[in-house]
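Me: I have a structure on screen and want a quick tour. Can you take my questions as they come?

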Amino acid sequence: MASHRHDRLTEDIRRELTDIFRMLKDPRITGMISIVKVDLSGDQSYCKVYISSLDGLKSAAGFIRREIGSRLKMRRTPEFHFISDDSIEYSADIARILYDLDK
């Protein structure tokens, strides 16, 4: 039962982060940011967010934490750690290589 609540909370955090990323107006954050994966610790004190573009998000972590705390009813708002994940770029490179081989 606790696993279901944990999974639901992780998805809620992912949804709210997506909305917060859209409204960020920091000039260091350029382009589109894709959330690849969200890992919330069991005690809900840490949250690892794997994203496609890391520029400027570490400085916005406090703002993001405050926004999540005000949007979701949580006993403790997690500390966010943003981790760069290049799996989207890697898969695009593989698709390009396969396309070139097909020619």
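Reply: Sure. One term before we start: contact means heavy atoms within 4.5 Å. Also keep in mind that this is a predicted model.

Me: OK. What is Leu57 in contact with, leaving aside its neighbours within four places in sequence?
Reply: Leu57 is in contact with Phe21, Leu24, Ile29, Ile33, Ile51, Ile64 and Phe82.

Me: And the largest nonpolar core? Which residues touch the most other members?
Reply: That core has 23 residues. Ile13, Leu17, Phe21, Leu57, Ile64, Phe80 and Phe82 touch the most other members.

Me: Which elements each supply at least two residues of this core?
Reply: Two helices and three strands are on that list. The helices are H1 (2–23) and H2 (61–71). The strands are S1 (35–40), S2 (46–51) and S3 (79–84).

Me: Which gives the most?
Reply: H1, with five residues.

Me: Switching to rings. How many aromatic pairs are there?
Reply: Two.

Me: Take Phe21 and Phe82. Why is the pair tilted?
Reply: The planes are at 55 degrees, and tilted covers angles from 30 to 60, so the pair gets that label. The ring centres are 6.2 Å apart.

Me: Where do those two sit in the chain?
Reply: Phe21 is in helix H1 and Phe82 is in strand S3. They are 61 residues apart, so the pair links distant parts of the chain.

Me: Buried or exposed, those two?
Reply: Both Phe21 and Phe82 are buried. Phe82 has 6% relative accessibility, and the cut-off for buried is under 20%.

Me: What about the pair of Phe80 and Phe82?
Reply: That one is stacked. The distance is 6.3 Å centre to centre, with 10 degrees between the planes. Phe80 is buried as well, at 7% relative accessible area. Ring pairs link Phe21, Phe80 and Phe82 into a cluster.

Me: New topic: Asp85. Where is it?
Reply: Asp85 is in the loop between S3 and helix H3 (87–102).

Me: Is that one buried or exposed, and what is the nearest side chain of opposite charge?
Reply: Asp85 is buried and has no salt bridge. The nearest side chain of opposite charge is Lys37, 7.9 Å away.

Me: Then what does the side chain of Asp85 reach?
Reply: The backbone nitrogen of Ser87, at 3.1 Å.

Me: And which residues is Asp85 in contact with, again leaving aside neighbours within four places in sequence?
Reply: Val36, Tyr50, Ile51 and Ser52. Ile51 is also in contact with Leu57.

Methods. Residues are numbered from 1 along each chain as its sequence is written. This is a predicted model: local features need pLDDT of at least 70, side-chain atom pairs count only at pLDDT 80 or more; totals for chains, interfaces and linings use all residues. Side-chain values use heavy atoms; hydrogens and water are left out. A nonpolar core is a set of buried Ala, Val, Leu, Ile, Met, Phe, Trp, Tyr and Cys residues joined through side-chain atoms within 4.5 Å. Buried means under 20% relative accessible area, exposed over 50%, partly exposed in between (1.4 Å probe, protein chains only). Helices (H or I, at least four residues) and strands (E, at least two) are DSSP runs, numbered from the N terminus. Lys and Arg count as positive and Asp and Glu as negative; His and the chain ends are not counted. A salt bridge is a side-chain nitrogen of Lys or Arg within 4 Å of a carboxyl oxygen of Asp or Glu. A polar contact is a pair of N or O atoms within 3.5 Å; within protein, one must be able to donate a hydrogen and the other to accept it, and residues adjacent in sequence count only if both atoms are side-chain atoms. Rings of Phe, Tyr and Trp (its six-membered ring) pair if their centres lie within 6.5 Å; planes under 30 degrees apart count as stacked, over 60 as edge-to-face and the rest as tilted.
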